[in-house]
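Hi,

Here is the structure I said I'd pass along. Have a look at it first, and then read my notes below.

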Amino acid sequence: MLDLLKGFLTAPEDRRMTDLNPDLSVAVCALLLEASEVDQQAPPEEQALVRDLLKRRFGLDEASLDQLIAETRRQRTHTGDLWPFTHYLRRTYQPEQKLELLTMVWQVILADSRLDPYEEQWVRRLPEMLAVNGSVLIEAKRRARELHASSHPA
């Protein structure tokens with residue numbers, strides 16, 4: 001009972017960011033939502049692709065997907081930062097998984113067929129956040145462009 005009271009009395013800012021361990025699906029969703037929203041526009045193509053990528057990656061139905069997105073938005077609002085999500089992925093994902101994640105991020109960014117300066121600036125910070133070499137980001141972008149070209153023939 002005393003521990004429960006201490007939990008209520010401890011201000012959220014007294015908790016360390018490293019104490020937060022988001023669910024894997026929430027962490028991935030947070031990055032994909034940020035990729036869609038970083039330019040303050042979130043075009044329908046990007047939003048639809050985020051939903052599609054999450055459904056396929058985690059095998060979700062529409063209701064579960066809506067719950068995941070709502071929970072991710074709640075956690076993002078609570079933390080005010082992507083750090084808990086990127087830190088979790090940095091520690092738990094293997095290099096190939098990070099490449100796959102960065103490919104999905106690039107797919108979202110390129111979904112509307114334009115690269116906004118805010119999107120480019122944000123995505124260039126991801127290798128450091130995820131502890132990968134910059135060449136991984138380049139490879140992810142190449143893969144995303146191939147996937148985009150195959151789904152949008154000229």
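Before the notes, one cut-off you'll need: a residue counts as buried when its relative accessible area is under 20%. Please also keep in mind that this is a predicted model.

That cut-off matters straight away for D112, which sits in the loop between helix 6 (95–110) and helix 7. D112 has a relative accessible area of 14%, so it is buried. Leaving aside residues up to four places away in sequence, D112 touches P43, E45 and E46. Of these residues, two can be placed in an element: helix 3 covers residues 44–58, and E45 and E46 are the contacts in question.

Next in the chain is S113, also in the loop between helix 6 and helix 7. Is S113 buried or exposed? It is exposed, because its relative accessible area is 57% and the cut-off for exposed is over 50%. The backbone of S113 caught my eye too: phi is positive, about 60°, although S113 is not a glycine. For context, most residues other than glycine have a negative phi.

A131 has the same kind of entry in my notes, with a positive phi of about 60° although it is not a glycine either. You'll find A131 in the loop between helix 7 and helix 8 (134–151). A131 is partly exposed, with a relative accessible area of 41%.

Now the overall picture. The protein has 8 helices and 0 strands, so to speak an α-α-α-α-α-α-α-α run from the N terminus on. Of the 154 residues in the protein, 42% are buried. The exposed surface comes to about 9000 Å², and carbon and sulfur atoms supply 54% of it. If you take the contacts between residues at least 6 apart in sequence, 76% of them join residues at least 24 apart.

I went through three helix pairs.

Helix 2 and helix 6: helix 2 spans residues 24–37, and its axis comes within 8 Å of the axis of helix 6, with a crossing at roughly 30°. Helix 2 and helix 6 are therefore roughly parallel to each other, as angles under 35 degrees count that way. Their crossing is right-handed. On the helix 2 side the contact is made by V28, L31, L32, A35 and S36, and on the helix 6 side by L101, M104, V105, V108 and I109. Sorted by class, that contact has 9 nonpolar residues, 1 polar and no charged ones.

Helix 3 and helix 4: here helix 3 (residues 44–58) packs on helix 4 (residues 62–79) at an angle of about 110°, and the axes are 10 Å apart. The range for roughly perpendicular is 65 to 115 degrees, which is why helix 3 and helix 4 get that description. The crossing of helix 3 and helix 4 is right-handed. R51, L54 and K55 come from helix 3, and they meet E62, L65, D66, L68 and I69 in helix 4. Which classes of residue make up the contact of helix 3 with helix 4? There are 4 nonpolar and 4 charged residues, and no polar ones.

Helix 5 and helix 7: helix 5 (residues 83–92) and helix 7 (residues 117–130) have axes 8 Å apart and pack at an angle of about 55°. That angle makes helix 5 oblique to helix 7. The residues that meet are T86, L89 and R90 in helix 5 and E128, M129 and L130 in helix 7. By class, the contact of helix 5 with helix 7 has 3 nonpolar, 1 polar and 2 charged residues.

One residue from that last contact deserves its own paragraph. L130 lies in helix 7, and L130 is buried, with a relative accessible area of 0%. What does L130 touch, not counting residues up to four places away in sequence? The list is L31, T86, L89, R90, K98, L101 and L102. L31 and L101 also take part in the contact between helix 2 and helix 6, while T86, L89 and R90 are the helix 5 residues that meet helix 7. For a distance to check in your viewer, L130 and L102 are 9.5 Å apart in space, C-alpha to C-alpha, and 28 residues apart in sequence.

If you open the file, L130 with its 0% relative accessible area and S113 with its positive phi of about 60° are the places I'd look at.

Cheers

Terms used
Residues numbered from 1 in each chain as written. Predicted model: local features only at pLDDT ≥ 70, side-chain atom pairs only at ≥ 80, totals over all residues. Heavy atoms only, no water. Helix = DSSP H or I, 4+ residues; strand = E, 2+ residues; numbered from the N terminus. Buried < 20%, exposed > 50% of the residue type's maximum accessible area, 1.4 Å probe, protein only. Contact = heavy atoms within 4.5 Å. Areas by Shrake-Rupley, 256 points an atom, 1.4 Å probe, with all protein chains shown as cover. Axes fitted to C-alpha atoms, helices over the stretch in contact; angles between N-to-C directions. Parallel < 35°, antiparallel > 145°, perpendicular 65-115°, else oblique. Left-handed = near helix turned anticlockwise from the far one by under 90°. Nonpolar A, V, L, I, M, F, W, Y, C, P; charged D, E, K, R; others polar.
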